[in-house]
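Biologist: I'm new to this one and would like a close look at a single part. Could you walk me through how two of the helices pack, and what lies around them?

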Amino acid sequence: MKLFLDTGDVEEVRRAAAWGVIEGVTTNPTLIAKSGKGFRETVLEICGLVPGGAISAEVVATDYDGMMKEALEISSWHEQIVVKVPMIEDGMRVVRTLADKGIRTNVTLVFSVSQALLAAKAGASFISNFVGRVDDLSGDGMEAVAATVEMVEDYGFKSEVLVASVRHPQHVADALEARAHIATMPYKVLAQLFKHPLTDTGLQRFIDDWNAAGLSIFEKAKV
Ligand code: E4P
């Protein structure tokens with residue numbers, strides 16, 4: 001399973017990219033608005049920080065012509081850009097047109113396997129299945145993920161299932177169990193994946209024992 005960062009904050013991308021574990025970044029209009037910087041400038045900076053990674057940038061029009069115009073503009077900025085398109089009727093028309101032109105798309109705001117089927121049929125490169133927003137309403141967001149992965153694998157669709165709206169490390173573990181292809185998450189959740197109390201206490205003990213023995217990796221050879 002690939003790990004993507006879900007952010008419009010370039011500094012967060014810089015820090016996470018340095019860990020060498022992320023293979024893409026997802027943005028959305030809310031995250032870009034929060035960044036306080038221009039859309040093109042932000043997305044291009046992110047492309048530079050994650051070489052070869054898939055960087056999702058979303059259209060904001062909701063009609064076919066408007067979305068197509070925005071999609072062609074956004075995709076012209078950089079070859080790493082994946083155009084994010086909402087799961088609506090005109091959106092799937094856009095996805096089909098872009099797929100026929102060889103432009104990658106990420107269908108966003110997918111909550112059910114039936115929506116995912118339409119996205120896969122339209123030729124989506126990525127299907128963003130939101131889990132946290134369903135869990136927030138006392139549902140089980142991961143159910144649709146598991147069903148979508150099964151559908152994509154069983155029927156041989158080329159789309160990758162991307163678990164979005166991730167709120168905590170357990171969502172990441174659940175995404176692995178559902179055999180999802182990608183999980184995208186906020187910086188805070190990615191950083192939480194490092195954490196285990198036994199790692200901290202174990203490391204402290206190794207260092208204390210080493211220092212108490214007066215050892216050094218760079219000790220001089222005895223003559
Ligand atoms: C996905 O690509 C979206 O940007 C994101 O995961 C939405 O998450 P939220 O529900 O935390 O806003």
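Modeller: Here is a walk through one helix pair and its surroundings, starting with the whole protein.

Keep in mind that this is a predicted model. The protein has 223 residues, and 44% of them count as buried. Its secondary structure comes to 11 helices and 8 strands. Taken along the principal axes, the C-alpha atoms fill a box of roughly 80 × 35 × 30 Å. If you look at contacts with a separation of 6 or more, 56% of them come from residues 24 or more positions apart. As for the outside, the protein exposes about 12100 Å², with carbon and sulfur atoms supplying 55% of that.

Now to the helices. Two packed helices are described by the angle between their axes and the distance between the axes. Our pair is H1, residues 10-18, and H3, residues 39-49. They pack at an angle of about 5°, and their axes are 10 Å apart. Angles under 35 degrees count as roughly parallel, so that is the word for H1 and H3.

Who meets whom? On the H1 side you'll find Val 10, Val 13, Arg 14 and Ala 17, while H3 brings Thr 42, Glu 45, Ile 46 and Leu 49. Sorted by kind, the residues of this contact are 5 nonpolar, 1 polar and 2 charged.

H3 also holds Gly 48. Is Gly 48 buried or exposed? Exposed means over 50% relative accessible area, and Gly 48 has 54%, so it is exposed. Between Gly 48 and His 78 there are 9.7 Å from C-alpha to C-alpha, although they are 30 residues apart in sequence.

Next, follow the pair inward to Val 25. Leaving out residues up to four places away in sequence, Val 25 touches Val 13 and Ile 46, and its other contacts include Phe 4, Leu 5, Val 50 and Ser 56. The largest nonpolar core has 57 residues, and Val 25 is one of those that touch the most other members, along with Leu 5, Val 107, Val 145, Val 163 and Met 185. There is also a second, separate core of 8 residues, with Ala 54, Phe 126, Ala 164 and Ile 182 among them.

Finally, step across to Ser 56, which sits in strand S3, residues 54-58. Buried means under 20% relative accessible area, and Ser 56 comes out at 1%, so it is buried. With residues up to four places away in sequence set aside, Ser 56 touches Val 25, Thr 26, Thr 27, Val 82, Lys 84 and Asn 106.

Technical notes
Residues numbered from 1 in each chain as written. Predicted model: local features only at pLDDT ≥ 70, side-chain atom pairs only at ≥ 80, totals over all residues. Heavy atoms only, no water. Axes fitted to C-alpha atoms, helices over the stretch in contact; angles between N-to-C directions. Helix = DSSP H or I, 4+ residues; strand = E, 2+ residues; numbered from the N terminus. Parallel < 35°, antiparallel > 145°, perpendicular 65-115°, else oblique. Contact = heavy atoms within 4.5 Å. Nonpolar A, V, L, I, M, F, W, Y, C, P; charged D, E, K, R; others polar. Buried < 20%, exposed > 50% of the residue type's maximum accessible area, 1.4 Å probe, protein only. Core = buried A, V, L, I, M, F, W, Y, C linked by side-chain atoms within 4.5 Å. Areas by Shrake-Rupley, 256 points an atom, 1.4 Å probe, with all protein chains shown as cover.
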